[in-house]
Amino acid sequence: MIGRDLRDRRLMIAVVGAAGMLVAGAFADHRSTAAAYLVAWIAVSAVPIGTLGVLMTSYLVRRAWTEELQPAMTAICATLPIFGVLFLPVLLDLATLYPAAGPHAALPAFKVVYLAPWFVAARTVVYFIVWTWLALKLRAAWPDRDRTARTACGGLIVYAISVSFAGVDWIEALEPQFHSSIYGLLYLGMVLLDGVAGAIGLGLLLCGIRRAGGYSALLLSTILLWAYLHAMQYIVIWSANIPDEVAWYIDRSSNGWQFVLSLLAVGQLVFPFFALLSHRVRADRRWLLGLCALTLAMRICEASVLAFPAIDGLHGWLAGIMLVTALALLMGVLAWGVAFRPRHGRWLNFAPPRVRAEAERR
């Protein structure tokens with residue numbers, strides 16, 4: 001117990017220190033700090049947002065892996081309202097990053113209204129209220145099979161639509177002149193991949209997952225879905241040859257971003273794909289845990305590629321420092337909300353007896 005209290009205290013000190021550095025960075029360069037915080041928030045919040053979708057999907061395909069991962073997914077989803085609150089700094093300062101929120105936005109009438117700061121803020125509040133309500137309904141429905149199936153069926157429809165709109169509001173709106181009809185699905189694939197990796201990773205660490213083979217296949221299939229959505233956007237944009245949309249890729253293929261893009265392609269697709277073709281890798285819990293960690297790290301690269309090139313006037317070195325600081329803050333909050341909450345026994349009450357006993361021993 002003393003060790004846990006000490007770890008809680010150290011984590012709290014780290015979170016408070018990171019928050020203080022972000023405040024100092026905001027005084028030094030408000031725009032660069034705000035951009036770094038947004039990128040970090042997109043990368044880390046993808047874990048609970050994506051896990052909610054994975055949780056609902058698991059309720060419709062009830063198998064052994066559903067039983068093993070359910071407590072881990074429930075714990076991660078419990079942090080959704082926390083990340084809703086942590087998005088408030090962005091909502092209160094939309095004009096710093098989003099052109100449509102500025103006083104001189106030259107946009108079509110529809111985008112002026114749809115991307116108005118009050119409307120974006122209102123939709124964001126609705127998203128997190130709906131997602132938190134779904135998480136509570138899903139937890140309350142467990143383990144009743146009929147009730148979980150009914151909740152998940154309706155919830156998945158609402159979830160897919162709301163997450164798609166959220167991706168447009170939070171990321172695509174950074175460049176309001178750009179539009180891709182698949183952008184919402186692209187963000188949906190991004191968060192689902194993070195949700196799968198986060199749930200499997202936490203399950204390996206705390207819930208006593210024994211066999212890794214099935215989870216490796218689940219991770220690989222989600223990676224292929226993510227890659228397919230990115231490929232479709234690329235093919236459609238280049239085949240249409242629309243200057244405004246092609247410029248979106250040109251901005252991410254120059255000024256050093258081509259290296260980050262290459263790292264994302266290798267780290268999120270090429271290496272995991274060929275690694276998971278090996279039966280030895282698929283069956284090894286340590287390999288699977290490492291690939292989950294790599295997937296979570298790649299979300300930082302993806303969020304950076306999607307957001308940073310869209311924001312002008314940034315100081316690269318300060319934005320980099322503030323990105324690391326914001327990641328430390330948000331990952332610390334996620335760790336507190338997930339890793340330490342099971343110690344107090346809340347989400348373990350919903351676990352199967354074997355899983356609960358093994359997690360409590362750990």
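This report walks through a predicted model of a single chain, from its overall make-up down to a few individual residues.

## The big picture

Let's start with the basics. What kinds of regular elements does the chain have, helices or strands? The count comes to 17 helices and zero strands. The chain has 362 residues, and buried ones make up 51% of them. On the outside, about 16,400 Å² is exposed, with carbon and sulfur atoms supplying 70% of that area.

The contacts tell us something about how the chain comes together. Take the contacts between residues at least 6 apart in sequence: 80% of these join residues at least 24 apart.

## How confident is the prediction?

Averaged over the chain, the pLDDT is 86, and 88% of the residues reach 70 or more. Which elements sit at the two ends of the scale, with the lowest and the highest mean pLDDT? Helix α17, covering residues 353-361, has the lowest mean at 47, while helix α4, covering residues 80-86, has the highest at 95. Over residues 341-356 the pLDDT is below 50, though in the model this stretch still has 35 contacts beyond near neighbours in sequence.

## The nonpolar core

Now for the inside. In soluble globular proteins, nonpolar side chains tend to be buried together. Here, the largest nonpolar core has 110 residues. Which of them touch the most other members? They are Trp-41, Leu-52, Tyr-98, Trp-131, Trp-170 and Leu-219. As for helices, α2 (residues 30-60) gives the most to this core, with 19 residues.

Trp-170 is worth a look on its own. Setting aside neighbours within four places in sequence, its contacts include the aromatic residues Trp-41, Phe-87, Tyr-98, Tyr-127, Phe-128, Trp-131 and Tyr-187. Leu-38, Ile-49 and Thr-124 are also in contact with Trp-170.

## Salt bridges

How many salt bridges does a search of the whole structure find? It finds four. One of them pairs Asp-169 with Arg-123, with the closest N and O atoms 2.8 Å apart. This pair links distant parts of the chain: Asp-169 belongs to helix α9 (residues 145-170) and Arg-123 to helix α8 (residues 117-141), 46 residues apart. Asp-169 has a relative accessible area of 1% and Arg-123 has 9%, so both fall under the 20% cut-off and count as buried.

Another salt bridge joins Glu-175 and Arg-252, again with the closest N and O atoms 2.8 Å apart. Here the partners sit in loops: Glu-175 lies between α9 and α10 (183-206), and Arg-252 lies between α12 (243-251) and α13 (257-276), 77 residues away along the chain. Both Glu-175 and Arg-252 are buried. Arg-286 and Asp-284 also meet in a salt bridge, at 3.6 Å from N to O. In that pair, Arg-286 is exposed at 70% relative accessible area, whereas Asp-284 is buried at 17%.

## Helices α8 and α9

Let's go back to helices α8 and α9 for two more residues. Thr-151 is located in helix α9. Is Thr-151 buried or exposed? It counts as buried because its relative accessibility is 16%, under the 20% cut-off. Leaving out residues up to four places away in sequence, Thr-151 touches Lys-137, Leu-138 and Ala-141.

Val-126 is found in helix α8. With 46% relative accessibility, Val-126 counts as partly exposed. Its C-alpha atom is separated by 9.0 Å from that of Ser-162, and the two residues are 36 apart along the chain.

## Cysteines and an unusual backbone angle

A disulfide is a covalent bond between the sulfur atoms of two cysteines. How many disulfides does this model have? The count is zero. Two cysteines to look at are Cys-292, buried at 1% relative accessibility, and Cys-301, buried at 13%.

Last stop: a backbone angle. Most residues other than glycine have a negative phi. Asn-255 is not a glycine, yet it has a positive phi of about 55°. Where is Asn-255? Its place is in the loop between α12 and α13. Asn-255 counts as exposed because its relative accessibility is 74%, over the 50% cut-off.

Note on methods:
Residues numbered from 1 in each chain as written. Heavy atoms only, no water. Helix = DSSP H or I, 4+ residues; strand = E, 2+ residues; numbered from the N terminus. Buried < 20%, exposed > 50% of the residue type's maximum accessible area, 1.4 Å probe, protein only. Contact = heavy atoms within 4.5 Å. Areas by Shrake-Rupley, 256 points an atom, 1.4 Å probe, with all protein chains shown as cover. Salt bridge = Lys/Arg side-chain N within 4 Å of Asp/Glu carboxyl O. Core = buried A, V, L, I, M, F, W, Y, C linked by side-chain atoms within 4.5 Å. pLDDT = per-residue confidence, 0-100. Disulfide = S-S within 2.5 Å.
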